[in-house]
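Work through the exercises below with the sequence and coordinates open. Try each task before reading its solution.

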Amino acid sequence: MTSRRLTPTRIVWAVVLTVLYLFLLAPILIVLVESFDTSTYLRFPPEGFGLDAYRQVFANESFRVGFQVSGVTAAATALLAMVTGVPAALALTRLRFRGRSAIEAVFLSPLLVPHIVLGLALLLILAPIPLTDTYWGLILAHLGVTVPYVVRTVSASLVSADPSAEEAARTLGASGLMTFWRITLPTIRPGLFSGGIIAFLLSFDETVISLFVSGQNTVPLPVAVLQYVEYRSDPSVASLSVLLVLLSVVVVVLVERGLGLRRTLRSG
């Protein structure tokens, strides 16, 4: 087995990549270090190290309520996004009909529109009903930006699947529902759950749209954080950020180990 020679080109590339990774990770590392600061305001480098900021996060009532609102909203949004995204992906992948491209563009268009524009439009739509400052308003608002990801991941699973198994099941007398339950659903399960996890994380972290449709009774965690830093600036915000990053990493790692998230996304 031949060893790689350290040429000047390889050394330069290694240095460039190292600097690039450090540049990308520097903000996260600074926030991580700052989360253990014992001072009463944000500063770098920290004056001392302790866990007081983390205790303040768990003792903060607005953070706890915001976490509950974001968790309920994200879970409901992910579930409805999967229920909505699967039929859409099946229709766009399996059927050929007039207007298919237009419908596909409609499902993917929220990814191209700035969230501040979507937030203002949703405010104008939901306010007269009224659904602002409610769980249902937040869920409906978040569905628009999460369904496209479920459609994408499920479509990727369907494209890579062999439709002959579904045709064989129907030929042998299986109903459409039985074919979907026994053949199609196991095929798209990795893409379905991967899209659901992405929808959950996006909904949980959505800030701009939530600012427009939330209120005093339903305040998601990102909005609660913005309201907190408007009048205060202490290390507890950094501690909360570290906890949320860890939560996201744990969820993604569990999905990757169980379903192969990277393989599902690459196949699309």
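The exercises cover salt bridges, backbone geometry, a surface patch and a pocket, all in a predicted model.

**Exercise 1. Salt bridges**

Task: How many salt bridges does the structure hold, and which residues form them?

Solution:
1. The count is 2 salt bridges.
2. Take aspartate 52 and arginine 55. Their closest N and O atoms are 2.3 Å apart. The cut-off is 4 Å, so the pair qualifies.
3. Place that pair. Both residues sit in helix α2 (residues 52-59), 3 residues apart, which means a separation of about one helical turn.
4. Check exposure. Aspartate 52 has 34% relative accessibility and counts as partly exposed. Arginine 55 reaches 52%. The limit for exposed is over 50%, so arginine 55 is exposed.
5. Now take glutamate 61 and arginine 64. Their side chains meet at 2.3 Å, N to O.
6. This pair belongs to helix α3 (residues 61-94), again 3 residues apart, about one turn.
7. Arginine 64 is partly exposed at 41%. Glutamate 61 is partly exposed at 46%.

**Exercise 2. Backbone geometry between α5 and α6**

Task: Which residues does the cis peptide bond join, and which residue has a positive phi although it is not a glycine?

Solution:
1. Start from the usual case. Most peptide bonds are trans, and most residues other than glycine have a negative phi.
2. Inspect omega. The bond between isoleucine 129 and proline 130 is cis, with omega about -5°.
3. Locate proline 130. It lies in the loop between α5 (115-126) and α6 (135-160).
4. Inspect phi. Aspartate 133 has a positive value of about 60°.
5. Locate aspartate 133. The loop between α5 and α6 holds this residue too.

**Exercise 3. A nonpolar surface patch**

Task: What accessible area does the nonpolar patch that includes Leu32 have?

Solution:
1. List members. Among them are Val12, Trp13, Tyr21, Phe23, Ile28 and Leu32.
2. Read the area. The patch residues together have about 1200 Å² accessible.
3. Test one member. Leucine 32 lies in helix α1 (residues 8-34). Its relative accessible area is 35%, so leucine 32 clears the patch cut-off of over 30%.

**Exercise 4. The largest pocket**

Task: What is the volume of the largest pocket, and which element gives the most to its lining?

Solution:
1. The volume is about 290 Å³.
2. The lining has 15 residues; Phe204, Asp205, Leu221, Pro222 and Leu244 lie nearest the centre.
3. Elements giving two or more lining residues are α8 (176-205), α10 (221-229) and α11 (236-259).
4. α11 gives the most, with 6 residues.
5. By class, the lining has 11 nonpolar, 3 polar and 1 charged residues.

How values were computed
Residues numbered from 1 in each chain as written. Predicted model: local features only at pLDDT ≥ 70, side-chain atom pairs only at ≥ 80, totals over all residues. Heavy atoms only, no water. Patch = residues over 30% accessible without salt bridge, like charges linked within 9 Å, V, L, I, M, F, W, Y side chains within 5 Å. Areas by Shrake-Rupley, 256 points an atom, 1.4 Å probe, with all protein chains shown as cover. Helix = DSSP H or I, 4+ residues; strand = E, 2+ residues; numbered from the N terminus. Buried < 20%, exposed > 50% of the residue type's maximum accessible area, 1.4 Å probe, protein only. 1 Å grid on protein atoms, 1.4 Å probe; cavity = no way out; pocket = protein on both sides within 12 Å on 5 of 7 lines; lining within 4 Å. Points joined across faces, edges and corners; volume = space filled by probe spheres on them. Nonpolar A, V, L, I, M, F, W, Y, C, P; charged D, E, K, R; others polar.
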